[in-house]
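Student: I would like a close look at one part of this model. Please take it step by step and keep it brisk.

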Amino acid sequence: MAEKTAPRRVDRRKARTRTALVCAAQRLLAERRTDVPILEITELADIGVGSFYNHFDSKEDLFRVAVEEALEWWGSVMDRLTADIEDPAVAYAQSFRMTGRLHRRHPELSRILLNHGLELAQSERGLAPRAFHDIRAAVDAGRFEVEDLDLALAVTAGAALALGALLHAQPDRDDGTSADLAVRGLLRQFGIPADEAERICSLDLPDLDAVDTLVR
């Protein structure tokens, strides 16, 4: 039994070390402080320098993973919160509305999104592929009238990033109202009638306080 327990304990310790490094990198990314030595990263993570190379080949490798995991975490949250929604137009709107509220509730993750927005819009992980899936599903279901799926995704990503930048620039702006107005405009652009777009944007959202407990 002891022989089986020891490897598991080592694995848990390695996982904690890796998580600490990723979290430290995400904090630096949010602060736009990527031009730092590895020593500063390991001090922020409260681990030894030698442990860094047990997990990552370089600082650039760590920052890449930190960005990918930040987006993948939020994307997986959106998956769970929209899994039971049958209407893809509603799923699309719900994800955008919750992501809009993310900028205030999780400013560090928000800043990672904003600082790497253009590259993330083309990423195969995180929010972009999920938004693309919702748009395509809504088109297939006859809910959206979209001629160019890639362009629709680009417009969605641009709106989400612009909204986040505006919310950071105007701290008194209501994030929920702004997110709902933004996605209402997107729904209209994709062919949803005005009254239906308003109905979709007035639907109750999941408990966002419960979402906060899912933060790593």
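Student: In which hand of crossing does H8 pass H9?

Tutor: The crossing of H8 over H9 is right-handed. Keep in mind that this is a predicted model. Two packed helices are described by the angle between their axes and the distance between the axes. For H8 (residues 127-140) and H9, the angle is about 125° and the axes are 10 Å apart. An angle of about 125° falls between the perpendicular range, 65 to 115, and the antiparallel range, over 145. H8 and H9 are therefore oblique to each other.

Now the residues at this contact. H8 contributes Ala 128, Ala 131, Phe 132, Ile 135, Arg 136 and Val 139. H9 answers with Leu 149, Asp 150, Ala 152, Leu 153 and Thr 156. By class, the contact of H8 with H9 has 8 nonpolar, 1 polar and 2 charged residues.

Ala 154 also belongs to H9. Its C-alpha atom is separated by 9.0 Å from that of Ala 128, and the two residues are 26 apart along the chain. Ala 154 has a relative accessible area of 43%, so it is partly exposed.

H9 has another packing partner, H5. Helix H5 (residues 88-105) packs on helix H9 (residues 149-169) at an angle of about 25°, with the axes 9 Å apart. That angle makes H5 roughly parallel to H9. H5 passes H9 in a right-handed crossing.

From H5, the residues in this contact are Tyr 92, Phe 96, Gly 100, His 103 and Arg 104. From H9, they are Thr 156, Ala 159, Ala 160, Leu 163, Gly 164, Leu 167 and His 168. By class, the contact of H5 with H9 has 6 nonpolar, 5 polar and 1 charged residues. Thr 156 meets H5 residues, and Thr 156 also meets H8 residues.

Follow the chain out of H9. Arg 173 sits in the loop between H9 and helix H10 (175-189). Leaving out residues up to four places away in sequence, Arg 173 touches Arg 104, Leu 166, Leu 167 and Ser 178. Two of these names have come up before: Arg 104 of H5 and Leu 167 of H9 are part of the helix contact. Arg 173 is partly exposed, because its relative accessible area is 33%.

Next, the setting. The protein chain has 12 helices and 0 strands. From the N terminus on, its elements run α-α-α-α-α-α-α-α-α-α-α-α. Buried residues make up 43% of the 216 residues in the protein chain. Among contacts with a separation of 6 or more, 71% come from residues 24 or more positions apart.

One backbone detail lies elsewhere. Most residues other than glycine have a negative phi. Asp 46 is not a glycine, yet its phi is positive, about 60°. Asp 46 lies in the loop between helix H2 (38-45) and helix H3 (49-52). At 68% relative accessibility, Asp 46 counts as exposed.

Last, the cysteines. The count of disulfides is 0. Cys 23 has 31% relative accessibility, so it counts as partly exposed. Cys 201, at 5% relative accessibility, counts as buried.

Back to your part, then. H9 is crossed by H8 with right-handed geometry, and H5 passes H9 in a right-handed crossing too. The H8 pair is oblique, whereas H5 is roughly parallel to H9.

Conventions. Residues numbered from 1 in each chain as written. Predicted model: local features only at pLDDT ≥ 70, side-chain atom pairs only at ≥ 80, totals over all residues. Heavy atoms only, no water. Axes fitted to C-alpha atoms, helices over the stretch in contact; angles between N-to-C directions. Helix = DSSP H or I, 4+ residues; strand = E, 2+ residues; numbered from the N terminus. Parallel < 35°, antiparallel > 145°, perpendicular 65-115°, else oblique. Left-handed = near helix turned anticlockwise from the far one by under 90°. Contact = heavy atoms within 4.5 Å. Nonpolar A, V, L, I, M, F, W, Y, C, P; charged D, E, K, R; others polar. Disulfide = S-S within 2.5 Å. Buried < 20%, exposed > 50% of the residue type's maximum accessible area, 1.4 Å probe, protein only.
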